[in-house]
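Student: Please take a close look at the largest pocket and at what lines the space. I would like the cut-offs behind each term to be stated.

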Amino acid sequence: MGETSEAVRGFFNRETKGIVTDPISFDVEAGRISFFCETIGETNPIHHDADAARAAGYPGIVAPPTFAMVVDTESGRAAERAGQASLPTLIGCNFTRLLHGEERYDYHGLIFAGDRLSVSTEILGFEDKKGGALEFAHMLTEIRHAKRGLLVTITRSLVHRLT
């Protein structure tokens, strides 16, 4: 990601470009999937009942695609509990000026109850836009399973409003 102005200003710590966070383990629990599905109004029994999921050809309760958001959020909290800097702290977010930029989820496989997942994030880079009025931080998070490999990639941008 290139910078569009020579004089870099703002809050993001641009020296963090290229850092990959240590992987955090996340255990997927059936009850969390079911509770999440109830919260979003998902009633398909494969998300609540192991027998229904197996009857549909799955090894167990299936997490809906949006459950990746829970995995991402909770693994960030687990990293903090383990003494790691949170991603916002690492890159230098100023929450009084922070805006949500773009966020995209790409799915490569399903998440099931009982999975132990690994979550890590790479800080891809930073850029300025609107004549330096905005600064962007770009990140890529991967959710992986030890045997099934990459399950979800999350590409996101955070924005600071500087003026």
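Tutor: Helices (H or I, at least four residues) and strands (E, at least two) are DSSP runs, numbered from the N terminus. By that count the protein has four helices and five strands, and from the N terminus on these elements follow the order β-α-α-α-α-β-β-β-β. The model is predicted, so local features need pLDDT of at least 70 and side-chain atom pairs pLDDT 80 or more, while totals for chains, interfaces and linings use all residues. Residues are numbered from 1 along each chain as its sequence is written, and side-chain values use heavy atoms, without hydrogens or water.

Along its principal axes, the C-alpha trace spans about 60 × 30 × 25 Å. The largest pocket (an open set of points on a 1 Å grid over the protein atoms alone, where a 1.4 Å probe fits, with protein on both sides within 12 Å along at least five of seven lines) holds about 590 Å³ of space, a volume filled by probe spheres set on the points.

Its lining (residues with an atom within 4 Å of a point) comprises 26 residues, and Asp72, Gly76, Leu87, Pro88 and Arg156 lie nearest the centre. Two or more lining residues come from each of H3, helix H4 (87-91), strand S2 (98-107), strand S3 (116-129) and strand S5 (149-161). H3 supplies the largest share, eight residues. By class, the lining has twelve nonpolar, eight polar and six charged residues, where Ala, Val, Leu, Ile, Met, Phe, Trp, Tyr, Cys and Pro count as nonpolar, Asp, Glu, Lys and Arg as charged, and the others, Gly among them, as polar.
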